[in-house]
Structures are given as C-alpha cells and as structure tokens.
Amino acid sequence: MAAVLKKRALAEYSSVLQEKAKKPAKRLRIIKKVATFSELDVDLLKNTTSSEALQFLLLVEEAIKGEVEAIPLYNTLLEHYLKEQEPAVRVKIISILSQMVQGNLIEPYSLFEDLQPLLKGETSHKAIAVLLSTFHQIKRIEKDDKLHLQIFQLAKKYLSNRSYEVKCAALSVIGDFIALDDKSETFQSTLQLLAEYSHDHEPRVRTEALNALLNLHYRGVKLDSTLYEEVCEALTDDYEGVRMAALRLIDVISHMHSEKLVAVGSDEQIRLADDAFARICKMITDPSTNGVC
C-alpha cells in the first residue's frame, strides 16, 4: 500500500513540473476620448456650481482645438463670466477666450470691446491681471495702431492698482503696446514712468519695469544712455530677478553707447562699455548679491 501511495505522489509531482507556464495576462491600454464640441452642451454651463463649471470648462478647452461653433460658445462664456462668483472659474474663462482669439475663432477687436466692461467690474486681482495679459494675444493678430493705443491707455490706468500682479501685467502691456515714436512726449514720459517703477517697493514690479524697458529694445528702440546710471543702481538690488533684468539691460545699453564717456570719481572719465564691464564683474564676484552669470 505504501508503495502505491509513493508511486501516485511521484506521478502527481512530475505532472506539476511538466505543466506549461501560464501565458502572461494581456495588458489593456485605456485611452481617454476627448469630447468634440458637438458632443458638449454649452447650455449646461448656465446651471452649474463653480466646481462643475470648472470641470466643464476643461472639456471646452480641449474641444476648441477642433471645429467649434465659435459665436454661441463665445456668448455663453461671456454670459457665465458675468454671473460667476468664483475667481478661478472666471480666470479659466478668460484663458479660453484668449485661446479662441489666438486660434482666429473670434475677432480681436470684438474681444477688446467685450473685455473692457469685464475689467471695469472685476474685483479679483488675479482675474484683472489675466484680463490685461490677454491683450498680448490680440496684438499678435491685430496690427491696428488705433486699437493698440486704446489698449496702451487702458493699461496705464491700472498702474495705480495696489496689487503687484495687476501692476506687473499693466507694465508688460505698456512695454508691448506703446507706439515706437521716441520723439513724442508720450513715449518719453512713459520711458520715465518705467524707470520710476524700477524703484517700486515690490521687487516683482521692479523686475517687470526693467523687462518692459528691455522689451522696447527688442521692438527696435534705441534706449537712451541716460538710463544707464538708473539701471546700474539695480545691480545691487536684494532681489535676484531685479539684478538679472538690470544685467541684461546694461549689456544692451553698453553695446549701443559703448564709446560714450561716463564719470568715475570727481575728475576721471572712462568708456561706458568699460564701466559696465567693471560693474558687472563686481556684481558677479560680490557674495552679498549672490549674482550668477
């Protein structure tokens, strides 16, 4: 009997060893289908909570990358903006409007006309800043100088806002939209205004003011050498962003006015390019500024 049991056990053990390895389980790849605009009912936006509206707007943002009925969507978004209480949702709507004008789904001038009352009634600093930033998209498409002047004048009004976000957005728009007539009184006064804001108490505002001046250079303006001393003061700023913006500006000015003589001490003058080189080297080697090249 024991021999039979032993023989049966050996047979079962052998069958286990000879069993073929199981095939690996198939892996399923789940692909998220992006809804098309025709599959979205934009009227649903009219009766949603802020959380639901934000989720729905994320779907809209994906859908507008395809074919959309732009005018109904545009009107619905504007209508919802006016009644929406949550700033984050309003910011998302602005973002979608910006993408729509960038994709030539709506006319830039129409968007500007519709954004003005939104700006006037907006209380969220974040939303105001995003609204102002949307104007940059308009400029990339619409080359109308009259429209650019209106946007420039509108942005200047927001420099008195107490929020650094709004001020930064306004300074950026000013640097992008000011008419490049360096002989005009408006241009010169704006140049001085940007220089003044480079001394603002808020470091991010100081940085944006210097960047706005730098943007004028990129747009083809020959920056005056009188800005040199004022910009040099920013090399010792406590905020690294300010120092780096000043560094780029000094590099630009020193190439434009390299041979101009600047005073060093009471009775000595050297080339502006040499003075700029010395100042930059001092900033980089000064451990108190943590400057990087």
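This is a short walk through one protein model, from the overall picture down to a few single residues.

Okay, hi everyone. One thing up front: what you see is a predicted model. Let's start with the whole chain. The protein has 293 residues, and buried ones make up 43% of them. Its secondary structure comes to 13 helices and 2 strands. How much surface does the protein expose? About 17,700 Å², with carbon and sulfur atoms supplying 53% of that. And if you take the contacts with a separation of 6 or more, 62% of them are between residues 24 or more positions apart.

Now let's zoom in on helix α5. That's residues 108-121, so 14 residues, and at 1.5 Å a residue the helix should span 20 Å. The C-alpha atoms at its ends are 20 Å apart, so the model agrees with the expectation. There is a kink, though: about 25°, at L115, shortly before the proline P117.

Which residues of α5 are buried? P108, L111, F112, L115, L118 and L119. Keep the spacing in mind as you look at those numbers. An α-helix has 3.6 residues a turn, so residues three or four places apart point the same way. As for what the buried residues of α5 pack against, we have four helices to look at: α3 (70-83), α4 (87-102), α6 (125-141) and α7 (145-157).

Let's hop over to α4, where we find I93. I93 has a relative accessible area of 0%, so we call it buried. Who is around I93? Leaving aside neighbours within four places in sequence, I93 is in contact with L57, L77, H80 and Y81. Take Y81: the two residues are 12 apart in sequence, and their C-alpha atoms are 7.0 Å apart in space.

Go on from α4 towards α5 and you hit a loop, and N104 sits in that loop. N104 is a bit of an oddball. Most residues other than glycine have a negative phi. N104 isn't a glycine, yet its phi is positive, about 60°. Is N104 buried or exposed? Its relative accessibility is 58%, and because the cut-off for exposed is over 50%, N104 counts as exposed.

Next up is Q153, over in helix α7. Q153 comes in at 42% relative accessibility, so this one counts as partly exposed. Its C-alpha atom is 8.3 Å from that of I174, and those two residues are 21 apart along the chain.

Further along there's D200, in the loop between α9 (185-197) and α10 (203-218). You might be wondering about an aspartate in a loop: buried or exposed? D200 has a relative accessible area of 11%, and since buried means under 20%, D200 is buried. What does its side chain reach? The backbone nitrogen of E202, at 2.9 Å. Not counting residues up to four places away in sequence, D200 also touches K167, V205 and R206.

Last stop, the cysteines. How many disulfides turn up in a search of the whole structure? The answer is 0. Two cysteines to click on are C232 and C281. C232 is buried, at 5% relative accessible area, while C281 is partly exposed, at 30%.

That's the tour. If you open the model yourself, try starting from the kink at L115 in α5, then go and find N104 in the loop between α4 and α5. Thanks, everyone!

Technical notes. Residues are numbered from 1 along each chain as its sequence is written. This is a predicted model: local features need pLDDT of at least 70, side-chain atom pairs count only at pLDDT 80 or more; totals for chains, interfaces and linings use all residues. Side-chain values use heavy atoms; hydrogens and water are left out. Buried means under 20% relative accessible area, exposed over 50%, partly exposed in between (1.4 Å probe, protein chains only). A polar contact is a pair of N or O atoms within 3.5 Å; within protein, one must be able to donate a hydrogen and the other to accept it, and residues adjacent in sequence count only if both atoms are side-chain atoms. Contact means heavy atoms within 4.5 Å. The expected span of a helix is 1.5 Å times one less than its number of residues. The bend at a residue is the angle between axes fitted to the seven residues ending there and the seven starting there. A disulfide is a pair of cysteine sulfur atoms within 2.5 Å. Accessible areas come from the Shrake-Rupley method with a 1.4 Å probe; for residues, only the protein chains shown count as cover.
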